[in-house]
Amino acid sequence: MRNTKDRVTIYQVAQKAHVSLATVSRVINKKGNVTEETRERVENAIKDLGYKPSGLAQALATNKTTNIGLIIPSANYVYISNILNGITEVTKEKGFTLTVFTTSHSREEALQTLEKVIVTHVDGAIVFDDELSEEDVINLNSYSVPTIVINKNLQGEKTASISLSYGRLLASLIEEHYQRNDRPMTFLHVHDGGRLLAHCEHIFCETHARLNRPYQIVNVDDSYKRTYYDFLERFKETKDGYFIAYRDSIAAAVENAATDSGLEVPNSVEVLSLVGTKYANIVRPMLTSFEIDLQEVGRRAMYMLIDLINETLYDKSYSFEARLITRDSTLH
C-alpha cells in the first residue's frame with residue numbers, strides 16, 4: 001500500500017493552467033507581467049494539484065536562497081547554544097533557513113569552513129569564531145556576502161559587528177574587592193579559550209599591576225572533571241582565595257572541590273564565573289557570575305543581518321555590556 005504522493009511538477013501546473021512554464025515561474029516568483037485572469041488560473045492549478053515550488057528553483061529565479069550561514073566554534077557549550085537559539089528564533093520568524101558551520105580551535109579548519117560558506121552561496125553570514133581574522137571577513141565580503149561579526153569590532157560596506165563587553169565590569173569588581181579585603185585573586189587560564197577569555201585575562205593582569213597587587217594565573221583544562229580533581233589537590237595546601245573561571249562548569253568544579261575539601265564557600269573560597277548561564281543557579285552555593293543575554297545577542301545579530309542584506313542597516317555596531325549577578329559563591 002502506497003503512503004506517499006507522486007511529486008507534482010511545474011510542467012503539470014503549466015499543462016493544467018494551459019500556460020507556458022515561464023508564465024508559471026513568473027506567477028510563483030511574482031515577477032514579470034501576468035494578467036489577473038492568467039494569475040488566478042495558475043494559482044488555482046497550483047492549489048488543485050497541491051504543487052509545492054522548489055526552493056532551489058525559486059532561488060535560481062530570484063537570486064535569493066534565503067539561506068544564512070553561521071560560523072561558530074561548537075554548539076556544545078551552553079552560551080554558544082543560547083546565541084544559536086536566538087538566531088534560529090529570528091530565522092524562523094522571518095522565513096530564512098540556517099546552515100551551521102562549526103570549527104575547532106584550528107586556523108586551518110576555520111579557513112576551510114569559510115571556503116564552504118562561500119561556495120554555499122548564502123545570502124548572508126554571522127561569524128562567531130576567534131580563528132577568523134579581519135582579513136578573512138573582508139575576503140568573505142569580496143564575494144558579496146553581508147556579514148555580522150560577534151565579539152569583534154569591525155564595520156564596512158557589507159560588515160557590521162556586535163561587541164560583548166566584560167572588561168570594564170571585571171576591572172571594577174577587582175578594585176572593589178581589594179577595597180574590602182586582601183584575599184588573593186587567581187585567574188583560571190584555559191588553553192584555546194578564545195578572544196573573550198584572553199581579553200578578560202589581560203584586564204585582570206593589567207588591573208592588578210595598576211593596583212600593585214599580587215595575583216596568580218593557573219592553567220586548567222576545559223573540563224569539569226579534570227579541574228575538579230586538580231583543585232582537590234590544590235586545596236590540600238591552599239585554604240582560601242578568590243578564583244575567576246571562564247564559565248559555569250569550571251567555576252562549579254572549583255566550588256565543589258572547595259566544599260568537598262572542607263572549605264567554606266564563600267567565607268574561605270570565593271568563585272566567580274565570567275560567562276554565566278542558567279547553570280549558575282543550579283549549583284550550590286549558587287554562582288556569582290557576569291551575564292549577558294546571549295539569546296538576545298543571537299536575535300540582534302540576525303535582525304542586523306537582515307537589515308544589512310536589505311541595505312537598511314545604518315548603525316553598524318552594537319555593544320552588549322555584562323552585568324554582575326551576585327549570588328552565594330562570593331561575599332559581595
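This report walks through a few local features of a predicted model, from a pair of helices to some backbone oddities.

## Two helices that cross

Let's start close to the beginning of the chain. Two packed helices are described by the angle between their axes and the distance between the axes. Here, helix 1 (residues 10-17) and helix 2 (residues 21-29) have axes that come within 9 Å and cross at roughly 105°. That crossing angle makes helix 1 roughly perpendicular to helix 2.

Who does the touching? On helix 1 the contact is made by Ile10, Tyr11, Val13 and Ala14, and on helix 2 by Leu21, Val24, Ser25 and Ile28. Sorted by class, this contact between helix 1 and helix 2 has seven nonpolar residues, one polar residue and no charged ones.

## The two sides of helix 1

Stay with helix 1 for a moment. Val13, Ala14 and Ala17 are buried there. These three residues cover an arc of only 95° around the axis, so they end up on the same side of helix 1. The buried residues of helix 1 pack against helix 2 and also against helix 3 (36-49).

What does the face turned away from the buried side carry? On that face of helix 1 you'll find the exposed residues Tyr11 and Gln15. Right after the helix comes His18, and its phi is positive, near 60°.

## Ile72 and its neighbours

Now look at Ile72, which is found in strand 1 (residues 67-72). Is Ile72 buried or exposed? With a relative accessibility of 2%, Ile72 counts as buried.

Leaving out residues up to four places away in sequence, Ile72 touches Ile80, Val100, Phe101, Thr102, Thr103, Phe128 and Asp129. Take Thr103 as an example: Ile72 and Thr103 are 31 residues apart in sequence, but their C-alpha atoms are 6.4 Å apart in space.

## Cysteines without a bond

A disulfide is a covalent bond between the sulfur atoms of two cysteines. How many disulfides does the structure hold? Zero.

Check Cys200 to see why: the closest cysteine sulfur is in Cys205, and at 11 Å from the sulfur of Cys200 that is too far for a bond. Looking from the other end, the sulfur of Cys205 has its closest cysteine sulfur in Cys200, again 11 Å away and too far for a bond. Cys200 is also buried, at 2% relative accessibility.

## Backbone surprises

Most residues other than glycine have a negative phi, and most peptide bonds are trans. A few places in this model go the other way. Asp192 has a phi near 60°, a positive value in a residue other than glycine. You'll find Asp192 in the loop between strand 6 (185-190) and helix 9 (195-211), and at 34% relative accessibility Asp192 counts as partly exposed.

Asn212 is another case, with a positive phi near 55°. Its place is in the loop between helix 9 and strand 7 (215-220). Asn212 is exposed, with a relative accessible area of 70%.

Then there are the cis peptide bonds. The bond from Val265 to Pro266 is cis, with omega near 10°, and Pro266 is found in the loop between helix 11 (248-260) and strand 9 (269-275). The bond from Arg284 to Pro285 is cis too, with omega near -5°. Pro285 is found in the loop between strand 9 and strand 10 (288-291).

Definitions and conventions
Residues numbered from 1 in each chain as written. Predicted model: local features only at pLDDT ≥ 70, side-chain atom pairs only at ≥ 80, totals over all residues. Heavy atoms only, no water. Axes fitted to C-alpha atoms, helices over the stretch in contact; angles between N-to-C directions. Helix = DSSP H or I, 4+ residues; strand = E, 2+ residues; numbered from the N terminus. Parallel < 35°, antiparallel > 145°, perpendicular 65-115°, else oblique. Contact = heavy atoms within 4.5 Å. Nonpolar A, V, L, I, M, F, W, Y, C, P; charged D, E, K, R; others polar. Disulfide = S-S within 2.5 Å. Buried < 20%, exposed > 50% of the residue type's maximum accessible area, 1.4 Å probe, protein only. Arc of directions from axis to C-beta.
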